[in-house]
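Trainee: Could you walk me through reading burial, cores and confidence in a model like this one?
Mentor: Gladly, let's take the features one at a time.

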Amino acid sequence: MTELDTRQGTSEALDTDLDEDTDDNRMAHYVKRDDVLRSAVDGVPATALCGKKWFPGRDPDKYPLCPVCKELVGLAEQL
Ligand SMILES: [Zn+2]
């Protein structure tokens, strides 16, 4: 069984150089914990499962879950 170590965060932009922060892309994404740690340590954006680069944080419960991340996590859990 493959354990996918992820956590949720929102895409609410902390850095406007990243993807434009619109209502469309302000969603909760899944991201590997290693990436979250690297982001925190190095100050670099993490990469969500769907490929979106962003700074994890804020409150994921306030936003809808990214459908791409949701599908990818769902597929991984079936392995
Ligand atoms: Zn996503």
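Trainee: Is histidine 29 buried or exposed?
Mentor: Keep in mind that this is a predicted model. The idea is to count C-beta neighbours: 20 or more within 10 Å makes a residue buried. Histidine 29 has 28 other C-beta atoms within 10 Å, so it is buried. Histidine 29 lies in strand β2, and its C-alpha atom is 8.8 Å from that of proline 64, although 35 residues separate the two along the chain.

Trainee: And glutamate 71, is that buried or exposed?
Mentor: The exposed class takes residues with 12 or fewer such neighbours. Glutamate 71 counts as exposed because it has 12 C-beta neighbours inside 10 Å. Glutamate 71 belongs to helix α2, residues 67-77. From glutamate 71 to leucine 49 the C-alpha distance is 9.7 Å, with their positions 22 residues apart in sequence.

Trainee: Which residues make up the largest nonpolar core?
Mentor: In soluble globular proteins, nonpolar side chains tend to be buried together. Here the largest nonpolar core has 11 residues, among them Met27, Tyr30, Leu49, Trp54 and Phe55. Strand β2, residues 28-32, contributes the most to this core, with 3 residues.

Trainee: Where does pLDDT stay under 50?
Mentor: Start with the whole chain: the mean pLDDT is 73, and 62% of residues reach 70 or more. Among the elements, strand β3 (residues 46-47) has the highest mean, 88, and strand β1 (residues 6-10) the lowest, 59. The stretch you ask about is residues 12-18, for which the model has 13 contacts beyond four places in sequence.

Note on methods. Residues are numbered from 1 along each chain as its sequence is written. This is a predicted model: local features need pLDDT of at least 70, side-chain atom pairs count only at pLDDT 80 or more; totals for chains, interfaces and linings use all residues. A nonpolar core is a set of buried Ala, Val, Leu, Ile, Met, Phe, Trp, Tyr and Cys residues joined through C-beta atoms within 7 Å. Helices (H or I, at least four residues) and strands (E, at least two) are DSSP runs, numbered from the N terminus. pLDDT is the predictor's confidence in each residue, from 0 to 100. Two residues are in contact if their C-beta atoms, placed from the backbone, lie within 7 Å.
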